[in-house]
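Trainee: Could we go through this one together, a question at a time?

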Amino acid sequence: MSGKDLEKAPLLGKELEADLGEAPVGGHPGNDNFYMWLQLSLRGTVFAMLLATIVWVPAVQEMGFARFAPYIPLATCVFIFTLNPLFGQVVNNAHAGILGTFLACFNIFMMRGLFPDGVTTETSGASTVHIVGWLNYLIFNLLFLVTECRMGTRMFAMACHTGFMLAFLNPLDASFYSKNFKINPNGIAVSSFIGISMGSIAAIIAMCIPYPWGFASSAMKANATAATKDTARLFVAAVKYYSGEKATVLIEQQMAQTGLLRATLDGMGGAIGSTWDETFDIGTNGTIRALHANHLDMLNGIFDSLKSLIIAMSTEDFGPS
C-alpha cells in the first residue's frame, strides 16, 4: 500500500459500483410521477361518476340507492379530498374525516337532546340555552385547537360543529335535526355523517379496484433505497472532485443534486407515517417501520455532513493550501 498512489486507486469495489448503478442523483430527467397521477386521476374520475349515477341515473335509484341521493354532492367533495397516491394516507384521511364528523354530530345530538329547539325568538339573551350554546361552541373549537390531534380530524370536526351550532344559536333557523335524543334519519347532522362516510369509504374502495395500488409500505422501502444510493453517489462524486487538479462547473451539478436529495429526504416521512394506517404496526411491521424512521434520522444526520462538504467544495480553489 505504501507505494500506491491512493488518488489513482478505484474509489469503489466492483460489487458496490454495480449496486449503485449509473442512475443520476434524483433519478433520470423527466416526470417519474406521471403515470402515478394518471392512474389516480382515472380512478378518481371513474368513482366520482359512479357516485353521480345515484343522482343522474333513475335505474340506480330504483335499486335502493334513492335515499342516498341528497348526500352525493358532499360525498363527492369528500371523496376527492380523501384521495391520495398513498393507500395509507387515504385510510388516514378517511377515518380522520369520519371521526371528526362523528364527534361534531354526537355533540349536537346531545345539545338538541337537552335543548330540542335551540335558541328561539322567545329566548332571551341571558337564558340558559343561550349561555350553554355559546359555551359549547367556543369550548369545543378550543379543545380541537389546543389538542394535538390530526389536522383532518380537526378540520372536519370544527367545520361541522360550526355549522351545527350556528343553526342552534340562530332563532330563525328551521332546519331539521335529531331532537329529544331520537335520531332523525333526515336530519342535517345525520345527512352530513352519511355523506362524509360515503365519500371516505369510496376513496378506500377506489384504491382497491381494479387492483390494490399505491401502498405506502412499498414506497417507504423504495424511497429508503433510492435516498441511500443517492447519498453514496454524492459522497463518491465529492471525492472524485477533490481528487482533481482544478475547480470545474461540476460543483454546480453537485449543489443542484444535493438539493434534490434534500427534497427526497423531506418527503420520506409521509410514506413512513402512512404505513401505520396500512399495517397498524401489527407483528414485525411495527419493527420495520421504526427501523425505517431511524434510518431516515441517520440519513438526515449524514446529509448535514454532506452539505458541509459540498459548501467547502464550492469555495475550493485547488491552490497550494
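Mentor: Sure, and let's start with a definition: angles under 35 degrees count as roughly parallel, over 145 as roughly antiparallel, 65 to 115 as roughly perpendicular, and the rest as oblique. Keep in mind that this is a predicted model, where local features need pLDDT of at least 70, side-chain atom pairs count only at pLDDT 80 or more, and totals for chains, interfaces and linings use all residues. Residues are numbered from 1 along each chain as its sequence is written, and side-chain values use heavy atoms, with hydrogens and water left out.

Trainee: Okay, which orientation do α4 and α8 have to each other?

Mentor: Helices here are DSSP runs (H or I, at least four residues), numbered from the N terminus. Axes are lines fitted to C-alpha atoms, for helices over the stretch in contact, with angles from 0 to 180 degrees between N-to-C directions. The axes of α4 (residues 72-82) and α8 come within 7 Å and cross at roughly 40°. So the two helices, α4 and α8, are oblique.

Trainee: What kinds of residues make up the contact of α4 with α8?

Mentor: Contact means heavy atoms within 4.5 Å, and on the α4 side the residues include I72, V78 and F79, which meet α8 residues including G195, I196 and M198. Ala, Val, Leu, Ile, Met, Phe, Trp, Tyr, Cys and Pro count as nonpolar, Asp, Glu, Lys and Arg as charged, and the others, Gly among them, as polar. The split for α4 with α8 is ten nonpolar, five polar and no charged.

Trainee: Is S191 buried or exposed?

Mentor: S191 is found in helix α8 (residues 188-206), and it touches Y71, P185 and N186, not counting residues up to four places away in sequence. Buried means under 20% relative accessible area, exposed over 50%, and partly exposed in between (1.4 Å probe, protein chains only). With a relative accessible area of 16%, S191 is buried.

Trainee: On to the rings: what type of aromatic pair do F102 and F106 form?

Mentor: Rings of Phe, Tyr and Trp (its six-membered ring) pair if their centres lie within 6.5 Å; planes under 30 degrees apart count as stacked, over 60 as edge-to-face and the rest as tilted. The structure holds 13 aromatic pairs. For F102 and F106 the centres are 6.3 Å apart with 25° between the planes, so the pair is stacked.

Trainee: Why are F102 and F106 about one helical turn apart?

Mentor: Both sit in helix α5 (residues 87-114). F102 is partly exposed at 42% relative accessibility, and F106 is partly exposed at 45%. The spacing is about one turn because F102 and F106 are four residues apart.

Trainee: How many residues apart in sequence are the parts that F115 and F168 tie together?

Mentor: F115 and F168 form an edge-to-face pair, 6.5 Å centre to centre with 70° between the planes. F168 is buried at 1% relative accessible area. F115 lies in the loop between α5 and α6 (128-146) and F168 in helix α7 (residues 151-169), so the parts tied together are apart in sequence by 53 residues.

Trainee: Last one: which residues is F140 in contact with, leaving aside neighbours within four places in sequence?

Mentor: F140 has its place in helix α6 and is buried, with a relative accessible area of 11%. F79 is 61 residues from F140 in sequence and 26 Å away in space, C-alpha to C-alpha. The contacts of F140, with those neighbours left aside, are L103, A104, N107, A157 and H161.
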